[in-house]
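User: I'd like a close look at one part of this model, and then a walk outward from there to the rest. Keep it relaxed, please.

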Amino acid sequence: MATEATGGGLEFHPMDQFVVKPLFGAGEVHWYTPTNVTLWLALTALAAIALLVLGTRGRAIVPNRSQSVAEMAYGLVHKMIEDIAGKDGLRYFPYVLTLFMFIVFANLLGLVPMAFTVTSHIAVTGVLAMAVFLGVTIIGFVKNGAHFLDLFWIRSAPLAVRPILAVIEVISYFVRPLSLSIRLAGNMIAGHAVIKVFAGFAAIAAVAPIAIIAVVGMYAFEVLVAFVQAYVFTILTCVYLKDALHPSH
Amino acid sequence: MFSLLQEAATTAAGHNEGAVVVVDEAATHGADVVIVHGVDAAEHAGEAAGLPQLDIATFGNQIFWLVVTLVVLYLVLSRVALPRIAAVLSDRQGAVTGDLMAAEEFKQKAREAEAAYDKALAEARTEAQAIVAQNRAEIQGQLDAAIAKADAEIAARTAESETRIREIRASSDVSARDVAQDVAAELIRTFGGTVDQGAVNAALDSRMKGAMQ
C-alpha cells in the first residue's frame, strides 16, 4: 500500500490517502478542477442513485434484494424522522434521506482499497453540518418566529438558573455544526490512518501476521463505524429538526 | 499522531528540500522509523504542509463539487426515487389491506353459505317429516277404510248367515211339527183311536213351545 521499505527502515504515509489531487495531470487545484474528490463524490452519488433508483425499477409488490435494501433505507430514515421530529418533520424527509445516503455511501466507498474518503475532509463534513445548522435555524425562525428562542429559555427550570442555562444552551447550539462535522471527519480520518499504519507494519516479517490480523479487524470495525457515523449524523439532524419544529421543551 | 505530523511537516518546511524526507525524533532514538510526508506536496509549491484536511487551498474545490453532488443527488432522489418507493410501499399496503378485506368477505360468504346449507337441511328434514306423517295418515286412512269395509262385509255375511240359519231353523220347526203331527196321528190310529186333530195340534203346540225356546 502506501508503505515501502527503504534501506531496511519503514516509511509511513498514513495521511497521503487524504491528499486532494487533480484527476488529470498535476498542477494547481482550482475550485473547478476535477480532482479525486470530484471522482469519489460522483461515485458516491452514483452508488446512492443505483440503489434507490435502479434498485427499485421493478416496482414490485414483492421486492427483490436490491429493492428490499432500498426500501429498508427509506423506511429507516422515514421512521427516524417520524419518531423524533414528528409528522411535520416529514416535509424535510428528502433532504435527510439525501444526507444519510450520501454519508453512508461516502463512508463505505472510502473503505474500498485505494479509495479516497470524501467524508474524511473537514471541508465536506463542515458543509454538510453547516447546511443542517443553517437549515434548522431558518426553519425554526420561520415556523415559530421569536418563540424559537424558547429553546434557550427553559421555562421548566427555576427562574434563577434560567440565564445560566440559556448561556449553556446557546453555546451548545452553536457547537452543533462543529461537533457534527468533526465527529464524522475525525472518525473517518482516525480509522483510515490506523489501518494504513497497521498495513505499514505488515512490511516487517516478524509482526506481519499480527499486522494483517489487525488490519482485518480494523477493517471490520470501520465498516461498522461507516454505518454508525452516517446513522448518528442523520439522527442528530432529526433531533435538531425537532428542536426547530417544537422549540418548547 | 497529528502533532507528530505537524512537527514533521514544519521541519520539512524548514529544510525546504526537493523531496522532503523528515527523520522523526524516534529515528534519533534508534528506532529507524522514517515518516515521509509531503512528497506530493513538494510538487505543489503553494500547498500548505500538515494534514491534507487543513489545506485551505483545496476547500473551494471540495465545497464546489460537494454542492454539485448534493444538488444532483437531492434532485434525483426527491424527483425519482422517493415517489417511486412511496408508491410501491403504498401499493403494497393497499394490496395487503385489499387482500385482508377480500379474505374477510370470503369468510363472510362461507359463513352465509353454511347458514344457507343448515337452513336447507332443516327444511328438508321438516319436509321429510311432513311427508312421513302424511303418508302415515294416508296409510292409516286406507287401513281404516279397509278395516271398516271388511267389518261391514263380515257383518253382512253374519247377517246373511243368521237369516239363513233362522230360515233353516224355521223350516226345520215346521217340518218337525208336521212329522210330529203325522207320527202322533199314526200312533193314535195304530192304537185304534180316533184322531182328534185339534187336540193333537194343541198338545204339539204346548210341547213345541218348550222345545223351540
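Is A:M114 buried or exposed? And once that's settled, what surrounds it in chain A, and how does chain A meet chain B?

Analyst: Keep in mind that this is a predicted model, so everything here is computed from predicted atoms.

A:M114 is exposed, with a relative accessible area of 73%. The cut-off for that label is over 50%. You'll find A:M114 in the loop between helix 3 (93-110) and helix 4 (122-144) of chain A. Its backbone deserves a glance too: phi of A:M114 is near 75 degrees, a positive value in a residue other than glycine. A:R59 also has a positive phi, near 50 degrees, and again the residue isn't glycine. That one belongs to the loop between helix 1 and helix 2 of chain A.

Now step back to the chain that holds these loops. Chain A has six helices and one strand. Reading from the N terminus, the order is β-α-α-α-α-α-α. Chain A has 249 residues, and 51% of them count as buried. If you take contacts in chain A between residues at least 6 apart in sequence, 67% of those join residues at least 24 apart.

One place to see such packing is where helix 2 meets helix 6. Helix 2 (residues 65-85) and helix 6 (residues 208-245) of chain A pack at an angle of about 35 degrees, and their axes are 9 Å apart. The crossing of helix 2 and helix 6 of chain A is right-handed. On the helix 2 side, the residues are A:L76, A:V77, A:M80, A:I81, A:I84 and A:A85. Helix 6 brings A:F227, A:Y231, A:T234, A:I235, A:C238, A:V239, A:L241, A:K242 and A:L245 to the contact. Sorted by type, the residues of this contact between helix 2 and helix 6 of chain A come out as 13 nonpolar, one polar and one charged.

The polar one is A:T234, since Thr falls outside both the nonpolar and the charged lists. A:T234 sits in helix 6 of chain A. It's buried, with a relative accessible area of 1%. Setting aside neighbours within four places in sequence, A:T234 is in contact with A:V77, A:M80, A:V96 and A:F100. Of these, A:V77 and A:M80 are among the helix 2 residues that meet helix 6 of chain A.

The same helix contact also includes A:F227 and A:Y231, and these form an aromatic pair with each other. The pair is stacked, at 6.3 Å centre to centre with 25 degrees between the planes. A:F227 and A:Y231 are four residues apart in helix 6 of chain A, so about one helical turn separates them. A:F227 is partly exposed, at 39% relative accessibility, and A:Y231 is partly exposed as well, at 30%.

That's one of 13 aromatic pairs over all chains. Another, between A:W31 and B:F64, is edge-to-face, with 4.9 Å centre to centre and 90 degrees between the planes. A:W31 lies in the loop between strand 1 (10-12) and helix 1 (36-54) of chain A, while B:F64 is in helix 4 (residues 59-190) of chain B, so this pair joins two chains. B:F64 counts as partly exposed, at 30% relative accessibility. Elsewhere in chain A, A:F133, A:F141, A:F148, A:F152, A:Y173 and A:F174 form one aromatic cluster.

The cross-chain pair leads straight to the interface. The contact takes 54 residues from chain A and 42 residues from chain B. Together the two chains bury about 4,500 Å² between them, and 73% of that is on carbon and sulfur atoms. In chain B, B:Q53, B:Q62 and B:R84 lose the most area to chain A, together 14% of what that side buries.

As for chain B itself, its secondary structure comes to five helices and two strands. From the N terminus, these elements run α-β-α-β-α-α-α. Of its 213 residues, 19% count as buried, against 51% of the residues in chain A. For contacts in chain B with a separation of 6 or more, residues 24 or more positions apart account for 35%, whereas the corresponding share in chain A is 67%.

Definitions and conventions
Residues numbered from 1 in each chain as written. Chains lettered and ligands numbered in written order. Predicted model: local features only at pLDDT ≥ 70, side-chain atom pairs only at ≥ 80, totals over all residues. Heavy atoms only, no water. Axes fitted to C-alpha atoms, helices over the stretch in contact; angles between N-to-C directions. Left-handed = near helix turned anticlockwise from the far one by under 90°. Contact = heavy atoms within 4.5 Å. Phe/Tyr/Trp six-rings, centres within 6.5 Å; stacked < 30°, edge-to-face > 60°. Buried < 20%, exposed > 50% of the residue type's maximum accessible area, 1.4 Å probe, protein only. Buried area = accessible area lost by both parts, 1.4 Å probe.
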